[in-house]
Structures are given as C-alpha cells and as structure tokens.
Amino acid sequence: MARPDVAGIFLRWALGRSLCFRGYWLVTSLYLVVVADLSAFQLVVLGTAMELTVLVSEIPTGVMADTISRKWSIVISHGLMGIGMLTTGLVTAFPALVAAQMLWGFGWTFSSGADVAWVTDELDEPERIGRVLTARARWQQYGAAGGMVGFGALGWATSLGTAIVVAGAAMILLVGYVVVRFTEHRFTPTREHRWQESKEIFRRGVELARFDREIMLVFGATVLVNSGAEAFDRLYPKRLVDLGFPDEPDPILWFTLLGLVTLAVGAIALRIVEARIDGEGVARRVYATACFVGAFGLVLLAHAPDEVTGMAGVLLVGGIAWTVIRSVSVVWVNRRATSDVRATVQSFLGQVESMGEIGGGLALGVLAQATSITVALTCSCALVG
C-alpha cells in the first residue's frame, strides 16, 4: 500500500483553512467597524477577550492532543471555530460579538500545536519538516488570497454578515477533509490512566521548555512582538479609514485589494525564507530582521500623512514581519521539541503569544482611547523593535 502524501495533505488542509479564516477576517474587520460600529477601545477589548480564552485553553487542549489524538483535536477545532465565525455574522451587539470571538479562540486552541505535531510525526522526516512548515505558511498565503477574493466579492454582492456566515459554514465543512484524509499511524494514544499521563506530559513539556535556552528566547521575544502585534491587527483598518481610505465603489473592495497585495509580498518573503531555513543560525537572523521590518512599518503607519503611506506600512508589517516571525518561531520551537510533548510545547508558544496580546493589547487599547491610534501604534513599534 502506497504511503499517503502527508505533506501534500497537510498543505492542502492549511490552504483550505486559511481560505475560510482570512476571507472571514477580511469581511469581519470591516463589519466590526462599519456595521457593528465598535470604538477603538471595543475593538481591542474584543481581541483581548479572545486571547484570554486562548491563554486559559491552550495548555489543556495541547495536552489533550498529545494524550488522546492530534487528528480529532483538529476536528473539534474546526467545529468550534466555524460556529464562532457563523455567529459573528448574525449579531451586532458588543457582548454577543465578544462571546463569538471567545468561542472562536477556544476552538483555535484545539488545533494550535496539534497540527504541527501531527505533520511532524506522520511525515517522520526531520530533515524536511522545517521546509514543510515554512511552505505551510506560504500555502496559507495562497488560501488567504482566494478567501479574500471570494468572500470579499460575496460581501460586496450580498452583505458583510452573509459572507461571514458562509465562511463559518465552510470552516465546519472542512471537518470532512480532516476525518477522511488525516491518518495517525505514528501516534499512540493513551487509553488508560489518561489523567495521570496528561499530568506527566504537561510536566515533561514544562521541563523541556524551561531548560532549553533557545525555546525560552523565542518565548520571551514572542511576548514582546505580540504585545505590539495586537494593536496593529485591531487598529489598522480604523487607522486607514481615518487617513481617508477610499469608500467608493465600496470599502470592502479596497480592503480586499490591499489584502491581496499584502499576501503576495508575504508569499515572496516566505519563499526566500523556505529555501534557507535549514541553515545554521538562519532562524535567529531571519527573526531579528523581520522584527526590524515590523518596527519600521509600524512607525510608517502611525505617522503616515496619507492613506498611501499608511498602506505601505501595512504591507511591511502584515505582509512581511508578522508572517515571517510566526513561521520562523514555529519551526524554531518544533526543532527543539520531542515527539511525546510536541503539541504541548507548541501550545506553550501559543500561550505566550496570547500573553503578549492580552497585556499589550489591552494597554494599547486604553492608550488609543485616551490619546490616539497614532500614539498606540508608535508604542507598538517600541515593543517590536
């Protein structure tokens, strides 16, 4: 019997999930500003509530993936995320939107770490996995482009809420692909004494992360970077609108175009990184370079005199910096983790991302409300740089 094309299955899944999510988020980012009419502070609180959910849930769901199943963790993830996405398009009240985002965040934690652990062990090619994970980020760019075009067009032709609901339904339908195509030939679930084994997996994961200097370096940098990233992710649409972003023929078309260009820039950057990621010390150098690019882009966006300069800042931050930083951090940590705690350690990475986004996001949201978005983005630059 021929061995399944694990890398191909994984990359196609990553493309499909990204298509649903990025199309959803393109429409949702505008929906929250134009339809729900949320303030800058509410936008950041929305993100902070989701990240608090992720922070609390990351470790239990990561340990579950290492104990019971990586595949079925991903199945659960799709169901919960899809329901959260679908609900977002049906409500405009701030408390309901917060609840929907929290459900999405909870669902995300089931696949955060489980996906990387699944492909690493099922592929079982240590010399190749770094390139596959970097290629995953590039395929996500392709999926995101398709999602932005498809759901952006749907939002323009129908309504923003309709496009959001359809994206949520599509995310739920991806469950079928995971059930049929994902195998678990190289993972042995715990069938007895699961509670005791879960505690042992957690202990080993903590011990590995605590005493590995490179993992701790990535974790520390991730807290700072994501503190600044949250303000950018939540505030850049409003900043562009304030700068005079075009509203004819329709803002969703302009945001779609900007998103596509951002993805193209990111895909080029990832292609360059993918070809070199296995080299000695490359991960550290690429990470540092991406942080510099992100800091420069944030300054450009914060102090942009017009929408064109603001969009240039978005390209640098969203297209290059965040895309490359996230991809390299996953590869870097994955190299240091052992198979038995791989999903758990990747969940630790997701948890420190949330810690940075919660602390920095909430503080910068308060700052944006009290002063201006320009001041908040400038402070984000200081954190990233």
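This passage describes charged side-chain pairs, and one polar contact, in a predicted model.

In this predicted model, the count of salt bridges comes to 17. Three of these pairs are described in turn below, together with a network of such pairs and the surroundings of a threonine.

One of the salt bridges joins aspartate 121 and arginine 342, whose side chains meet with a separation of 3.6 Å from N to O. This pair links distant parts of the chain, since aspartate 121 belongs to helix 5 (residues 114-123) and arginine 342 belongs to helix 14 (residues 342-370), with the two positions 221 residues apart in the numbering. Aspartate 121 and arginine 342 are both buried.

Another salt bridge is found between glutamate 200 and arginine 204, where the closest N and O atoms are 3.4 Å apart. Here both partners lie within helix 9 (residues 194-211), and they are separated by 4 residues, which is about one turn of the helix. Glutamate 200 has a relative accessibility of 26% and therefore counts as partly exposed, a class that begins where the buried range, under 20%, ends. Arginine 204 is likewise partly exposed, because its relative accessible area is 24%.

Glutamate 200 and arginine 204 also take part in a network of salt bridges, in which they are linked with Glu197, Arg203, Glu207 and Asp340.

A further salt bridge within a helix is formed by glutamate 274 and arginine 271, whose side chains meet at 3.6 Å, N to O. Both residues lie in helix 11 (residues 251-274), where they are 3 residues apart, again about one turn of the helix. The two partners fall into separate accessibility classes: glutamate 274, at 12% relative accessibility, counts as buried, whereas arginine 271, with a relative accessible area of 48%, is partly exposed. The value for glutamate 274 is 12%, so this residue falls under the 20% limit for buried residues, while the 48% of arginine 271 lies in between that limit and the 50% over which a residue is exposed.

Outside the helices, threonine 183 is placed in the loop between helix 8 (175-181) and helix 9. The side chain of threonine 183 is joined to that of glutamate 122 by a polar contact of 3.0 Å. When residues up to four places away in sequence are not counted, threonine 183 touches Trp118 and Glu122.

Note on methods. Residues are numbered from 1 along each chain as its sequence is written. This is a predicted model: local features need pLDDT of at least 70, side-chain atom pairs count only at pLDDT 80 or more; totals for chains, interfaces and linings use all residues. Side-chain values use heavy atoms; hydrogens and water are left out. A salt bridge is a side-chain nitrogen of Lys or Arg within 4 Å of a carboxyl oxygen of Asp or Glu. Buried means under 20% relative accessible area, exposed over 50%, partly exposed in between (1.4 Å probe, protein chains only). A polar contact is a pair of N or O atoms within 3.5 Å; within protein, one must be able to donate a hydrogen and the other to accept it, and residues adjacent in sequence count only if both atoms are side-chain atoms. Contact means heavy atoms within 4.5 Å.
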